[in-house]
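The exercises below are meant to be worked through with the sequence and the coordinates open side by side. Each one sets a task and then goes through a solution step by step.

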Amino acid sequence: QVQLVESGGGLVQAGSSLRLSCAASGRTVSNYPMGWFRQSPGKERERDFVAAIGWSGGNTYYTDSVKGRFTISRDNAKNTVYLQMNSLKPEDTAVYYCAVDPSLFGRPTINSDDYEYWGQGTQVTVSA
């Protein structure tokens, strides 16, 4: 069983930066793809794909709206994945979740159904 804990969220002004962290415990996640998703206000039943990273960090994918602003990375020695968010916009306001894809050495995917373990989420609020 894997436990994921997100941190780093907060209330910031538009144009600011935040760095989210997702620390895994229970077992190593270094051999598995990981992703970040977000749940926006009024969309409580949907978790939208934000970014994903392969097990080695060599493959990364982003949703179009965050390309050039967000960067996903991982430190396998620390069992942690990060999401650096720059030039934040009010539409980035959401609860951000990290998740683990249980496909050993698999390629990262954008489909939330492919992810098995999820954190509890961290709130990011961007004011205009």
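**Exercise 1. Establish whether Asp92 and Arg38 are buried or exposed, and then work out which salt bridges involve Asp92.**

Step 1. In this predicted model, Asp92 and Arg38 are both buried, a class that requires under 20% relative accessible area.

Step 2. The side chains of these two residues, Asp92 and Arg38, meet in a salt bridge, with a distance of 3.0 Å from N to O. Because Asp92 lies in the loop between β8 and β9 while Arg38 belongs to strand β4, the pair ties together parts that are 54 residues apart in sequence.

Step 3. Asp92 also forms a salt bridge with Arg69, the closest N and O atoms being 2.7 Å apart. This pair links distant parts of the chain, since Arg69 is in the loop between β6 and β7 and Asp92 in the loop between β8 and β9, 23 residues apart. Arg69, like Asp92, is buried.

Step 4. Taken together, Arg38, Arg69 and Asp92 are linked in a network of salt bridges.

**Exercise 2. Find the disulfide and describe its handedness and its surroundings.**

Step 1. The count comes to one disulfide, which joins Cys22 to Cys98 with an S to S distance of 1.9 Å, within the cut-off of 2.5 Å.

Step 2. Cys22 sits in strand β3 (residues 18–25) and Cys98 in strand β9 (residues 94–100), so that the bond links distant parts of the chain, 76 residues apart.

Step 3. The torsion about the S-S bond of Cys22 and Cys98 is about 55°, and the disulfide is therefore right-handed. Both Cys22 and Cys98 are buried.

**Exercise 3. Identify the residues with the most contacts inside the largest nonpolar core, and follow one of them outwards.**

Step 1. The largest nonpolar core has 29 residues, and those with the most contacts inside it are Leu4, Trp36, Leu83, Met85 and Tyr96. At least two residues of this core come from each of β3, β4, β5, β7, β8, β9 and β11.

Step 2. Apart from its neighbours within four places in sequence, Leu4 is in contact with residues including Cys22, Cys98, Met34 and Trp118.

Step 3. A second, separate core of five residues includes Phe37, Phe49, Ala99 and Tyr115.

**Exercise 4. Locate Trp55 and decide how far it is exposed.**

Step 1. Trp55 is placed in the loop between β5 (48–53) and β6 (60–62).

Step 2. Its relative accessible area is 33%, so Trp55 is partly exposed.

Step 3. Together with Leu104 and Phe105, Trp55 makes a nonpolar surface patch of about 300 Å².

Conventions:
Residues are numbered from 1 along each chain as its sequence is written. This is a predicted model: local features need pLDDT of at least 70, side-chain atom pairs count only at pLDDT 80 or more; totals for chains, interfaces and linings use all residues. Side-chain values use heavy atoms; hydrogens and water are left out. Patches are made of residues with over 30% relative accessible area and no salt bridge: like charges are joined within 9 Å, nonpolar side chains (Val, Leu, Ile, Met, Phe, Trp, Tyr) within 5 Å. Accessible areas come from the Shrake-Rupley method with a 1.4 Å probe; for residues, only the protein chains shown count as cover. A salt bridge is a side-chain nitrogen of Lys or Arg within 4 Å of a carboxyl oxygen of Asp or Glu. Helices (H or I, at least four residues) and strands (E, at least two) are DSSP runs, numbered from the N terminus. Buried means under 20% relative accessible area, exposed over 50%, partly exposed in between (1.4 Å probe, protein chains only). A nonpolar core is a set of buried Ala, Val, Leu, Ile, Met, Phe, Trp, Tyr and Cys residues joined through side-chain atoms within 4.5 Å. Contact means heavy atoms within 4.5 Å.
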